[in-house]
Amino acid sequence: MQKLIHTAKFFFRKISNRTGLAARLALDAVLPLECLGCGKGEELLCGRCLESIDRPELPKSGSVFAAAAYGDKFAKKAIWTLKYKKAKMLAEPLAELMYKRFFLGHQRPLDGRSLKKTKWIIVPVPLSKKRLRERGFNQSELIAERLAGKIRDREKIFIEVAANILQKTKDTPPQARVGSKEDRLANLQNAFSAENSHLMAGKNVIILDDVTTTGATLKEAKRTLREAGAKKIVCMVVAR
Ligand SMILES: [Zn+2]
């Protein structure tokens, strides 16, 4: 396997010398198929390392549910590798972590009855057009699709992923680079808009994001959807 990857990288390099950036970007997606935690196996994050990921402290407000503590080195590395090394396969174990901790664990944002009684949709937090162009995909949408698939297969409940409702209309700098909490909130004001709000009619909404720190993004996304007519809203993130 290692040898194959090595050969693939070699060819990509050869091509990228001629064709430039596009091929070099493709090179980023070629990662050795081994666990980024323990270095074993043929998965990017094995079951054992996934299970070992630290849980976050319980939310103070109770409205944002996180599957992992962002301080956990595997969680951090997995999210970083998904976004910046474009390892889309990592959406699978991260969705598995969310499923296990939110639907099987003791911290369940939604009880089975509420899931069955009301229709829910998942709205992934969008990227701005510019960021989406740079990255080529929205990691939150990939995780949302995987999570919805697991809920469908294992709980026999159909939850739609609606990536065409929330739009990021303002290209904001990464939250980590913005100063105080007030600055972050001001920076995000009116950063989102809602379209196709009829898709939310009579349904509850799960807003899904990869990471939250201050919760400012989720707060603004929630406000936008609420104004567009969403009923009950629950926020779920991979890590906090
Ligand atoms: Zn491992």
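**Exercise 1. Work out how helices α9 and α10 cross, and which residues make the contact.**

Start with the handedness: α9 and α10 cross in a right-handed way. The rule is that a crossing is left-handed if the near helix is turned anticlockwise from the far one by less than a right angle, and right-handed if clockwise. Helices here are DSSP runs of H or I with at least four residues, strands are runs of E with at least two, and both are numbered from the N terminus.

Before going on, a word on the model. This is a predicted model, in which local features need pLDDT of at least 70, side-chain atom pairs count only at pLDDT 80 or more, and totals for chains, interfaces and linings use all residues. Residues are numbered from 1 along each chain as its sequence is written.

Next, the geometry. Two packed helices are described by the angle between their axes and the distance between the axes. For α9 (residues 181-188) and α10 (residues 216-227), the angle is about 35° and the axes are 9 Å apart. Those axes are lines fitted to C-alpha atoms, for helices over the stretch in contact, with angles running from 0 to 180 degrees between N-to-C directions.

Now the residues. From α9 come R184, L185 and L188, and from α10 come A216, T217 and E220. Contact means C-beta atoms, placed from the backbone, within 7 Å.

Last, sort them by class: 3 are nonpolar, 1 is polar and 2 are charged. For this count, Ala, Val, Leu, Ile, Met, Phe, Trp, Tyr, Cys and Pro are nonpolar, Asp, Glu, Lys and Arg are charged, and the others, Gly among them, are polar.

**Exercise 2. Find the largest nonpolar core and say which helix gives it the largest share.**

First, the overall count: the protein has 240 residues, and 34% of them are buried. Buried means 20 or more other C-beta atoms within 10 Å of the residue's own, exposed means 12 or fewer, and partly exposed is in between, with C-beta atoms placed from the backbone.

Then the core itself, a set of buried Ala, Val, Leu, Ile, Met, Phe, Trp, Tyr and Cys residues joined through C-beta atoms within 7 Å. The largest one holds 59 residues, and L45, M98 and V238 have the most contacts inside it. Helix α5 (residues 91-104) supplies its largest share, 7 residues.

Zoom in on M98: leaving out residues up to four places away in sequence, M98 touches A67, L147, M236 and V238.

**Exercise 3. Decide whether L44, G47 and E51 are buried or exposed.**

Take L44 first, in the loop between α2 (21-28) and α3 (47-52). L44 is buried because 23 other C-beta atoms lie within 10 Å. Beyond four places in sequence, the contacts of L44 include L31, L33, A87 and P93.

On to helix α3, home of G47 and E51. G47 is exposed because it has 12 other C-beta atoms within 10 Å, and E51 is exposed because it has 10. Check the spacing too: the C-alpha atoms of E51 and L97 are 7.7 Å apart, with their positions 46 residues apart along the chain.

**Exercise 4. Describe phi and exposure for K86 and N190.**

K86 sits in the loop between α4 (73-84) and α5. Its phi is near 55°, a positive value in a residue other than glycine. K86 is partly exposed, so classed because it has 19 C-beta neighbours inside 10 Å.

N190 is in the loop between α9 and β5 (192-194). N190 isn't a glycine either, yet its phi is positive, about 55°. With 10 C-beta neighbours inside 10 Å, N190 counts as exposed.

**Exercise 5. Say where the model calls for caution.**

Begin with the average: mean pLDDT, the predictor's confidence in each residue from 0 to 100, is 86 for the protein, and 84% of residues reach 70 or more. Then look at residues 10-28, where pLDDT stays under 50 and the model has 12 contacts beyond four places in sequence. Where pLDDT is low, the predicted coordinates should not be read in detail.

Technical notes:
Two residues are in contact if their C-beta atoms, placed from the backbone, lie within 7 Å.
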